[in-house]
Amino acid sequence: MTTDFTPPPSFSIPTERLHISYLQPGNPTHSTFLHHLWNTDEFIKSEGPTGLDTPEKAAKFIATRVQGDYNRNKHGQMLVSLKPHLGASLAESKMIGIVSLMKGEPPNAYTQPDVGYTILPEENGKGYATEAAIGVIDYARRELGVKGVFGFCSSGNARSRRVLEKIGLEFRGERKLTVFGGVQSAIYALPEMDQDLAVYGITD
Ligand SMILES: CC(C)(COP(=O)(O)OP(=O)(O)OC[C@H]1O[C@@H](n2cnc3c(N)ncnc32)[C@H](O)[C@@H]1OP(=O)(O)O)[C@@H](O)C(=O)NCCC(=O)NCCS
């Protein structure tokens, strides 16, 4: 049972240098940004093409898939914006990436979400993915009752694996996950989570 959730435009999870906020269905600035971010050479090299090859497809994706996650969980794909100076507001900040906390779509959902991130190539290596991931996880545990968090990434994505370690997740081996189309993935989890991943529905 899900209810519609209207993502508040001015809501933000502030961290020291960033704001984390909801993608707004119907906001062309957000869909244009998402289209750009997920079509950089860097992103396609590590994640492959998403199929969002026009801003219009990105707008539809936000209105359906992203909104669907918000309706089910009050979290999902969220915007990461960089403050131009300490204490700057969300409106003053510049979009630099996406951080996500996703449970997947039923019936392929696990019981706990996984964290993901993309930061514009020109802003890489400054700790922003790490800061955004910590911010969204802390918020979800504190305000949304999220108990466990996974990190899944392709085994060869050393940079992403480093981020997962820096945010305090623990390596739990590799599996071919159905949610990743059966591709071999490295699995990370919060240290306090059960060693038996079947408890969370991971039975692949
Ligand atoms: C992965 C990604 C989000 C990292 O963003 P970022 O803001 O640069 O991340 P951070 O700066 O917080 O941390 C990156 C860490 O990886 C390290 N790193 C960079 N290149 C590396 C490499 N080739 N091998 C191992 N570690 C590497 C950095 O040194 C840094 O660690 P450190 O702080 O200990 O020095 C960004 O590169 C990206 O968007 N990539 C494309 C999309 C993607 O792969 N997303 C992950 C999907 S699971």
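The ligand in this predicted model is surrounded by 22 residues, of which Tyr117, Gly125, Gly127, Thr130 and Lys166 are the closest. By character, the residues of this shell divide into nine nonpolar, eight polar and five charged.

Several side chains place polar atoms opposite oxygen atoms of the ligand. For Thr130, an N or O atom of the side chain is 2.5 Å from a ligand oxygen atom. The side chain of Arg162 has an N or O atom 2.8 Å from an oxygen atom of the ligand, and a polar side-chain atom of Asn124 lies 2.9 Å from a ligand oxygen atom. On its own, the ligand has 970 Å² of accessible area, and the protein covers 73% of that area. Two or more residues of the shell are given by each of helix H2 (41–47), strand E5 (114–119), helix H4 (128–143), strand E6 (150–154) and helix H5 (158–166). Among these elements, H5 provides the largest share, six residues.

From the ligand shell, the description turns to the nonpolar interior. The largest nonpolar core holds 58 residues, and those touching the most other members are Leu34, Ile96, Val115, Phe150, Leu164 and Ile167. Helix H4 gives the largest share of this core, eight residues. Phe150 illustrates the packing: leaving aside neighbours within four places in sequence, Phe150 is in contact with Gln112, Pro113, Asp114 and Val115, with Leu169, with Ile187, Tyr188 and Ala189, and with Met193, Leu197, Tyr200 and Ile202. Val115 thus appears both as a contact of Phe150 and among the core residues that touch the most other members.

Helix H3 offers two further positions to examine. Val66 is found in this helix, which spans residues 55–73. Val66 counts as buried because its relative accessibility is 0%, and the cut-off for that class is under 20%. Not counting residues up to four places away in sequence, Val66 touches Leu23, Phe61 and Gln77. The chain also brings Gly76 into the surroundings of Val66: these two residues are ten apart along the chain, and their C-alpha atoms are separated by 6.5 Å.

Asn73 is also found in helix H3. Is Asn73 buried or exposed? With a relative accessibility of 15%, Asn73 counts as buried, because the class takes in values under 20%. When residues up to four places away in sequence are not counted, Asn73 touches Lys103 and Leu144.

Terms used:
Residues numbered from 1 in each chain as written. Predicted model: local features only at pLDDT ≥ 70, side-chain atom pairs only at ≥ 80, totals over all residues. Heavy atoms only, no water. Helix = DSSP H or I, 4+ residues; strand = E, 2+ residues; numbered from the N terminus. Buried < 20%, exposed > 50% of the residue type's maximum accessible area, 1.4 Å probe, protein only. Contact = heavy atoms within 4.5 Å. Near = heavy atom within 4 Å. Polar contact = N/O pair within 3.5 Å; in protein donor to acceptor, adjacent residues only side chain to side chain. Areas by Shrake-Rupley, 256 points an atom, 1.4 Å probe, with all protein chains shown as cover. Nonpolar A, V, L, I, M, F, W, Y, C, P; charged D, E, K, R; others polar. Core = buried A, V, L, I, M, F, W, Y, C linked by side-chain atoms within 4.5 Å.
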